[in-house]
Amino acid sequence: MKNVIITGANSGLGFETAKKIAKDQEFRVILACRNAEKAEAARNAIAKETGNENVGFMILDTSLLSSVRAFAENYIAKYGTVDVLINNAGISSMRDSGTTAEGFEVVFATNYLGHFLLTQLLLPRLSANGRVINVTSDMHNPPGGIEWKGVEYLAHEAMDDRKRYSYSKLCAIYLTHKLDEMLKEKGSAITVNSFNPGFMATTNFSGGHADKMRALAVKTTMPERYGELETSSDALAQIATQAQFSGISGAYFDRSTNTKKSSELSYSKENQEELWKKSLAYCGLDGAGE
Ligand SMILES: NC(=O)c1ccc[n+]([C@@H]2O[C@H](COP(=O)([O-])OP(=O)(O)OC[C@H]3O[C@@H](n4cnc5c(N)ncnc54)[C@H](OP(=O)(O)O)[C@@H]3O)[C@@H](O)[C@H]2O)c1
């Protein structure tokens with residue numbers, strides 16, 4: 001049996017992907033969610049529809065490093081190994097703002113930093129040909145572009161920056177690129193990729209703003225950004241589980257099982273390095289004080 005973890009799997013893309021993966025009884029699927037009631041309801045719905053009794057849930061709030069640590073400890077104690085980690089949980093800067101109890105800008109913390117730590121803590125437990133998939137967005141490269149302002153700014157100062165979401169998704173791609181490079185250097189068969197589901201009007205993500213008219217407007221005026229929950233969850237489930245993707249790493253899957261280049265900025269080695277080093281320090285993994 002293979003173990004799959006999906007963060008933020010009680011709704012939207014995470015939920016649909018979990019359901020698709022759980023249809024194959026070879027997979028145990030763990031829904032890593034912040035709300036126990038929603039997680040249990042999702043778990044029950046997936047188990048009922050797929051007949052897979054190995055669907056479970058565990059509490060994880062990706063905005064808090066303390067919660068990520070507790071989740072990783074509990075998960076490892078219970079299941080030991082991971083075959084697939086899908087870093088999917090996400091919030092929009094249109095709905096959420098402020099600072100976490102640990103002092104980080106909340107979108108950066110939820111969408112990126114929590115997943116960075118989760119990945120670090122689970123990496124030693126990934127199977128030899130394990131897979132990590134970071135759910136990102138084409139909005140890592142928003143209309144009008146984006147200017148890198150440094151990690152300190154994103155982590156602590158970007159409270160009123162309308163592009164906070166875009167930065168968090170750019171950081172997710174930096175995580176993919178840097179980890180991919182490190183894994184390849186070690187000769188590891190573990191893969192790490194980014195996945196862009198596209199603008200999906202039917203999830204909870206936009207909190208009701210994504211009505212039918214807006215969806216139609218995006219579909220007609222920005223077809224290169226438009227996505228569908230059904231096709232994107234289908235693609236994500238395939239990339240996570242199917243044999244033909246085992247050799248692909250460091251790629252950006254675009255709303256499908258097809259890859260393309262992410263933005264030019266997302267390949268900046270300098271930014272990748274800065275983000276990696278600072279993230280280790282924020283997570284207390286840089287060896288300082290030892
Ligand atoms: N929908 C789009 O247009 C779109 C476009 C590009 C990329 N994406 C990305 O796709 C991913 C899934 O989003 P979605 O569209 O499926 O939206 P969704 O239905 O709102 O799903 C997001 C999930 O993340 C969970 N979550 C939020 N904050 C969390 C936290 N601190 N800890 C743990 N879980 C948390 C939510 O849980 P609660 O139910 O508790 O809030 C929910 O289960 C996100 O990463 C998003 O950025 C979405």
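**Exercise 1. Strand 1 and its partners**

Task: In this predicted model, work out how many bridges join strand 1 to strand 4, and which residue of strand 4 is the bridge partner of Ile6.

Solution. Start with the pairing: strand 1 and strand 4 run parallel and are joined by three bridges. Next, pick out Ile6 and look across to strand 4, where its bridge partner is Ile86. Now turn to strand 2 (residues 27-33), which pairs with strand 1 (residues 2-7) in the parallel sense over six bridges. Over there, Ile6 has Leu31 as its bridge partner. Finally, carry on from Ile86, which stands opposite Ile133 in strand 5. Strand 4 and strand 5 are parallel too, with five bridges between them.

If you want the backdrop: strands of a sheet pair through backbone hydrogen bonds, either parallel or antiparallel.

**Exercise 2. The whole sheet**

Task: Put the eight strands in order and say which are the edge strands.

Solution. Walk across the sheet and you get 3-2-1-4-5-6-7-8, an open sheet with mixed pairing. The edges are strand 3 (55-59) and strand 8 (259-260), each of which pairs on one side only. Then add a helix: helix 1 packs on the sheet and touches strand 1, strand 2, strand 3, strand 4 (82-87) and strand 5 (126-135). Its direction makes about 165 degrees with that of strand 2. Helix 4 (residues 106-122) lies across strand 1, strand 4 and strand 5, and runs at about 175 degrees to strand 4.

**Exercise 3. Strands 4 and 6: covered or open?**

Task: Decide how enclosed strand 4 is, then examine the two faces of strand 6.

Solution. Count the buried residues in strand 4: six of the six are buried, so this strand is largely enclosed by the rest of the structure. Strand 6 (residues 191-196) is mostly covered, with six of its six residues buried. Split strand 6 by face: one side has Thr191, Asn193 and Phe195, the other has Val192, Ser194 and Asn196, and all of these are buried.

Then check the neighbours. Strand 5 and strand 6 run parallel and share five bridges, and Asn134 has Ser194 as its bridge partner in strand 6. On to strand 7: three bridges join this strand to strand 6, again in parallel. Ser194 has Tyr252 as its bridge partner there.

**Exercise 4. Three residues, buried or exposed?**

Task: Classify Phe27, Leu216 and Arg255 as buried or exposed.

Solution. You'll need the cut-offs: 20 or more other C-beta atoms within 10 Å means buried, and 12 or fewer means exposed.

- Phe27 sits in strand 2. This residue is buried because 23 other C-beta atoms lie within 10 Å. Leaving out residues up to four places away in sequence, Phe27 touches Lys2, Val4, Ile21, Ala22 and Thr241. Asn54 is 27 residues away along the chain, with 7.5 Å between its C-alpha atom and that of Phe27.
- Leu216 belongs to helix 7 (residues 212-221). With 12 C-beta neighbours inside 10 Å, Leu216 counts as exposed. Tyr226 is ten residues from Leu216 in sequence, and the C-alpha to C-alpha distance is 9.2 Å.
- Arg255 is in the loop between strand 7 (252-254) and strand 8. Its 22 C-beta neighbours inside 10 Å make Arg255 buried. One more thing to spot here: Arg255 isn't a glycine, yet its phi is positive, about 55 degrees.

**Exercise 5. Core and ligand shell**

Task: Find the residues with the most contacts inside the largest nonpolar core, then describe the shell around the ligand.

Solution. Take the core to begin with. The largest nonpolar core has 79 residues, and Val29, Leu31 and Phe108 have the most contacts inside it. Helix 6 (residues 164-185) gives the most to this core, ten residues. Zoom in on Phe108: setting aside neighbours within four places in sequence, its contacts are Leu113, Leu154, Ala155, Ala158, Arg164, Tyr167 and Ser168.

Now the ligand. There are 28 residues around it, and Gly8, Gly12, Gly90, Thr203 and Phe205 come nearest. Sort the shell by class and you get ten nonpolar, 15 polar and three charged residues. Helix 1 (residues 12-22) supplies the largest share of this shell, three residues.

Key
Residues are numbered from 1 along each chain as its sequence is written. This is a predicted model: local features need pLDDT of at least 70, side-chain atom pairs count only at pLDDT 80 or more; totals for chains, interfaces and linings use all residues. A nonpolar core is a set of buried Ala, Val, Leu, Ile, Met, Phe, Trp, Tyr and Cys residues joined through C-beta atoms within 7 Å. Helices (H or I, at least four residues) and strands (E, at least two) are DSSP runs, numbered from the N terminus. Two residues are in contact if their C-beta atoms, placed from the backbone, lie within 7 Å. A residue is near a molecule or strand if its C-beta atom, placed from the backbone, lies within 6 Å of it. Ala, Val, Leu, Ile, Met, Phe, Trp, Tyr, Cys and Pro count as nonpolar, Asp, Glu, Lys and Arg as charged, and the others, Gly among them, as polar. Two strands pair if DSSP finds at least two bridges between them. Axes are lines fitted to C-alpha atoms, for helices over the stretch in contact, and angles run from 0 to 180 degrees between N-to-C directions.
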